[in-house]
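Open the model in your viewer and keep the sequence panel visible. We will go from stop to stop, selecting residues as we go.

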Amino acid sequence: MKKDLNYAKKCLRFIDESVSSYHAVGNVERQLMENGFIELREKDGWEIKSGQSYYVKRGGSSLIAFRMPKGMVKGFHIMASHSDSPSFKVKTNPEMAVENQYLKLNTEGYGGMIFSTWFDRSLSVAGRVVTGSGAGIKEMNVNIDEDLLVIPSLAIHMNREANKGTEFNPQVDLLPFMGSCEAKGWFEEKLAVLAGVPKEEILGTDLFLYVREQGRIAGACQELILSPRLDDLECVYASMEAILEEKPGEYCSMCAIFNNEEVGSLTRQGAASTFLKDTLERIGESLGKSRSDYLRLLADSFMISADNAHALHPNHVEKADPVNRPVLNGGVVIKHHGGQKYTTDGYSEAVMRGLCREAGVPVQDYHNRSDIAGGSTLGNISAGQVSVPAVDIGLAQLGMHSAVETGGSADVEYMVEVLKGFCRR
């Protein structure tokens, strides 16, 4: 396949604009609306029509988009990914004065980030603000789009052991510095201005730090992409692009984006919730399907759980499996695990290899070293709610859960092409 950096560039722009899970879903929603998708709300009745495209949101940070085929529906082809990335969540009453000189924000860890990568970078805050007045509760996304914060390192003169491995305390070492005490009250006022309400009307927030660095193409042959939040917005972008570009054949094509994967998915908008199950059941109900008919649709369905994978590390090749060693720009990675932390089995592996072959996309395999524990992802979690054959895949990357991660520029196109083939079936 010819390397098309246009997909990589568009992916990086999408990630740059998706500074929180709320913004990621908002950006997906905007593109869906521009392409004729109709919004459905969970509290309303649904009328699903043949050949139409729809989407539904939950919690402001999870979204399921789907396109109905013309004619009879044989089942569902589901692409799942997640909107969140490891970060720091801003606590309530966040401003903290230091000796009446400095001002910092009180935060706590969200997900398993690599702490050291967050030091000495330009940071800011984004997420959602929930307001209330006589008109009722409203939610809106906010982004303090300026260089606002830094987590300063402790000078090596004050910590001579810094280069020998340091254990960081999130409550002590990792609180972001905002400036002088002259800015006291500024943060709350800024949120109110962005929300367009008096500060007294802000009733709740879900705010996170984000890295201000923009994604870029790098490498001697432009073979690398460097960006915050590659895990998993790279797969969110590819899934969105696929469902926008391809009309479905005989199956309802579906792009499911869940929040809170990085903290276990056990939320009302996570992969362990009923969001996907509820949506599928309501589609079946709107189509006039009986319970038995609906279960028959599920029996002929398939899920691709797309969440990035670990690449062979150039400085630590000993950390990879002796045989299965994915590399950047080596194509789609099928993820396997003997304890079923990945949902791939022989059947779903065969389906995925067939899709890659049809799309002309190279395929790789990932296994953990047998003596190193790995993480889990969306496939096996969502299977607890919706039991369909599923495969876990991703794109190879380095520095997973770093503040800035590294991927392959050609891999974005590979993922888009194979998911487009899945959607058009």
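Helices, labelled H, are DSSP runs of at least four residues, numbered from the N terminus. Keep in mind that this is a predicted model.

**Stop 1: helix H7**

Select residues 346-359, which form helix H7. H7 has 14 residues and spans 20 Å from its first C-alpha to its last, close to the 20 Å expected at 1.5 Å a residue. Look at the start of the helix. There, a side-chain oxygen of Asp345 comes to within 3.2 Å of the backbone nitrogen of Tyr347. Now go to the other end. Gly360 follows H7, and its phi is positive, near 70°.

Which residues of H7 are buried? Colour Ser348, Met352, Gly354, Leu355 and Cys356. An α-helix has 3.6 residues a turn, so residues three or four places apart point the same way. The cover over the buried residues of H7 includes strands E14 (302-306), E16 (332-335), E17 (363-366) and E18 (390-398), along with H9.

**Stop 2: where H7 meets H9**

Add residues 411-423, helix H9. The axes of H7 and H9 come within 9 Å and cross at roughly 105°. H7 is therefore roughly perpendicular to H9. Show side chains at the contact: Met352, Leu355, Cys356 and Ala359 from H7 meet Glu417, Val418 and Phe422 from H9. The residues of this contact divide into six nonpolar, no polar and one charged.

**Stop 3: helix H2**

Select residues 21-34 for helix H2. This helix has 14 residues and reaches 20 Å between its first and last C-alpha atoms, close to the 20 Å expected. Its buried residues are Ser21, Tyr22, His23, Ala24, Val25, Asn27, Val28, Glu29 and Leu32. Just after H2, click Gly36, where phi is positive at about 85°.

**Stop 4: Arg58**

Move to strand E2, residues 53-58, and pick Arg58. Is Arg58 buried or exposed? Its relative accessible area is 8%, under the 20% cut-off, so Arg58 counts as buried. Which side chains make polar contacts with Arg58? Glu42 does so at 2.7 Å, and Asp278 at 2.9 Å. Leaving out residues up to four places away in sequence, Arg58 also touches others, including Arg268, Gln269, Ser273, Thr274 and Phe275.

**Stop 5: Phe88**

Select Phe88 in strand E5, residues 87-98. Phe88 is buried, at 1% relative accessibility. Show what surrounds this side chain. Beyond four places away in sequence, Phe88 touches a set of residues that includes Tyr110, Met113, Phe115, Trp118, Ile151, Leu174, Leu207, Phe208 and Leu209. Then draw a distance from Phe88 to Gly399. Their C-alpha atoms are 18 Å apart, with these positions 311 residues apart along the chain.

**Stop 6: backbone oddities**

Most residues other than glycine have a negative phi, and most peptide bonds are trans. Check three places against that.

- Asp231 to Asp232: this peptide bond is cis, with omega near 10°. Asp232 sits in helix H4, residues 230-245.
- Gln340: phi is positive, about 65°, although this residue is not a glycine. Gln340 lies in the loop between E16 and H7 and is partly exposed, with a relative accessible area of 39%.
- His401: phi is positive here too, about 75°, and again the residue is not a glycine. Find His401 in the loop between E18 and strand E19 (405-408). His401 is buried, with a relative accessible area of 18%.

Definitions and conventions:
Residues numbered from 1 in each chain as written. Predicted model: local features only at pLDDT ≥ 70, side-chain atom pairs only at ≥ 80, totals over all residues. Heavy atoms only, no water. Helix = DSSP H or I, 4+ residues; strand = E, 2+ residues; numbered from the N terminus. Buried < 20%, exposed > 50% of the residue type's maximum accessible area, 1.4 Å probe, protein only. Polar contact = N/O pair within 3.5 Å; in protein donor to acceptor, adjacent residues only side chain to side chain. Contact = heavy atoms within 4.5 Å. Axes fitted to C-alpha atoms, helices over the stretch in contact; angles between N-to-C directions. Parallel < 35°, antiparallel > 145°, perpendicular 65-115°, else oblique. Nonpolar A, V, L, I, M, F, W, Y, C, P; charged D, E, K, R; others polar. Expected span 1.5 Å × (residues − 1).
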